[in-house]
Amino acid sequence: GPVLLGLLPGAPSCPHGPALLFEKTSQGDGERRRFYACSACRDRKGCSFFQWEDEKVSEARLAAREEYNRHQQPPSTHRQNVERYRNFVQLPIAKRRFCLECQQLLLPAEWEKHSGHQFLRDISTAQLKRPSQLLFPLENKKANAQYLFTDRSCQFLVDLIADLGFRRVLSVGTPRLHEMIQSKALQEDDFKVRSLLLDIDFRYSQFYAEDEFCHYNMFNHYFFGGEAARETCRKFLQQDSGNRVIMVTDPPFGGLVGALAYSFKKLEEMWKEAEGADSSQEMPMFWIFPYFFESRILEFFPSFNMMDYQVDYDNHALYKHGKTGRRQSPVRIFTNLTPSMIVLPAEEGYRFCSICQRYVSSGNQHCESCNSCTSKDGRRWKHCDLCNKCVKPSWFHCSNCNCCALQNHLCEKTNAGCFVCGKPGHKRSACPSL
């Protein structure tokens, strides 16, 4: 597929902010061409923006595009939504409605306009404090992929953050975590953690003040609210000389690791500008992502380590804990904190490995040859002396390929070519002639 070149100054914009530059190699002649596409939607159905890098765009088309981008923005501003919320909470419960079709809190004056729609009545204060359960998850996998943490995983993260002594959490695309921190802060006097939610889902602006939520695209570090929103984020990060703040992020798994890393480094730069901050330090971070992206994440953040804790999701058929999900969740926490500080719950089957100085899942046995606990997926892995590393239990050493693989795999050597075009050097899924 196309290769990401990144965010360039002067890039054109789509409704999701500045577009990213990609390069693709055409089949046939192998010629490379660069183009701009939407940062947030990997799918043209989600956002159809496309422009060749060398394309000359007429003034008229630029004006039309700007008009279109403006038209695609939410009909109300964050400030207007905060005002609506203020009026909404003053209504008696019997008059509090939420339109399911428009995903909007309704004031009595607006009922008429939504008369044919389905709505929920009698919205309680408790429901307002848990907007992630009121709103439909946007399950467009590529852009939003709103899979929400189970309460168990969320509670684990909140407790861990508090136990580590953090006081502020920059919640990037983690609405459940944000609302749990907010609720706990209201209910418990001695709970001192605060959260700022950065999310591309503008529906959350109906429930949170301007210092609690910023409409943000984590693929191009774009604040839809402009300088004021950017300032909110900067203030939050730099408070207390930038001390005791951690960024927690849970990006869509189809997301481009390079683009995400760019944005997270930009947020880190914002943090580093704090008065009296030590610029050699890294901003504490939890990046929640599937384990098979480990090498990609380490490319950008070499100081990160992957924890064994399995993060579970409520509305994800595959990534649920225990018997209901098809398999164990592949989602892990990548962090630049010292691994031994991350205490994992023994009652969920984690134990401390004194040699590795970190908590590991109970099936993860320490391998003496590798001198580490090598399993990535919770099963016990086995060491292959020929590969000189541990591999999945279902893999065997293949003398043809000279590495470990599944038993009924197709050997690289015997079938050197791709299924589609017969040429060597790539697999069918990456075939340029597709």
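This dialogue covers a pocket, the cysteines and two loop residues of a predicted model.

Reader: How much space lies in the second largest pocket?

Author: The volume of a pocket is the space filled by probe spheres set on its grid points. In this model, the second largest pocket holds about 640 Å³ of space. Its lining is made up of 29 residues, and those closest to the centre of the pocket are Gln-73, His-215, Tyr-222, Phe-224 and Gly-225.

Reader: Which elements give two or more residues to the lining of the second largest pocket?

Author: Two strands, β2 (13–14) and β12 (213–217), do so, together with the helices α1 (59–71), α2 (78–89) and α7 (226–238). The most is given by α1, with five residues.

Reader: From which domains does the lining of the second largest pocket draw at least three residues each?

Author: They are domain 1 (3–72) and domain 3 (151–362).

Reader: How do the residues of this lining divide into nonpolar, polar and charged?

Author: In the lining of the second largest pocket, 13 residues are nonpolar, 11 are polar and five are charged.

Reader: I should like to turn to the cysteines. To how many disulfides does the count come?

Author: A disulfide is a pair of cysteine sulfur atoms within 2.5 Å. By this rule the count is zero.

Reader: Why is the sulfur of Cys-356 not in a bond with the closest cysteine sulfur?

Author: The closest cysteine sulfur to that of Cys-356 belongs to Cys-373, and because the two are 3.7 Å apart, they are too far for a bond.

Reader: Which cysteine has the sulfur closest to that of Cys-403?

Author: That cysteine is Cys-401, but its sulfur is 5.2 Å from the sulfur of Cys-403, and this too is too far for a bond.

Reader: Is Cys-403 buried, partly exposed or exposed?

Author: A residue is buried under 20% relative accessible area and exposed over 50%, with partly exposed in between. Cys-403 has a relative accessible area of 31%, so it is partly exposed.

Reader: Finally, I ask about the backbone. What is the phi of Asp-240?

Author: Asp-240 is not a glycine, yet its phi is positive, at about 55 degrees. This residue is placed in the loop between α7 and β14 (245–249). Asp-240 is partly exposed, its relative accessible area being 42%.

Reader: Where does Arg-244 lie?

Author: Arg-244 is found in the loop between α7 and β14. Although Arg-244 is not a glycine, it has a positive phi of about 55 degrees. With a relative accessible area of 43%, Arg-244 is partly exposed.

Technical notes:
Residues numbered from 1 in each chain as written. Predicted model: local features only at pLDDT ≥ 70, side-chain atom pairs only at ≥ 80, totals over all residues. Heavy atoms only, no water. 1 Å grid on protein atoms, 1.4 Å probe; cavity = no way out; pocket = protein on both sides within 12 Å on 5 of 7 lines; lining within 4 Å. Helix = DSSP H or I, 4+ residues; strand = E, 2+ residues; numbered from the N terminus. Nonpolar A, V, L, I, M, F, W, Y, C, P; charged D, E, K, R; others polar. Domains from an automatic or database assignment. Buried < 20%, exposed > 50% of the residue type's maximum accessible area, 1.4 Å probe, protein only.
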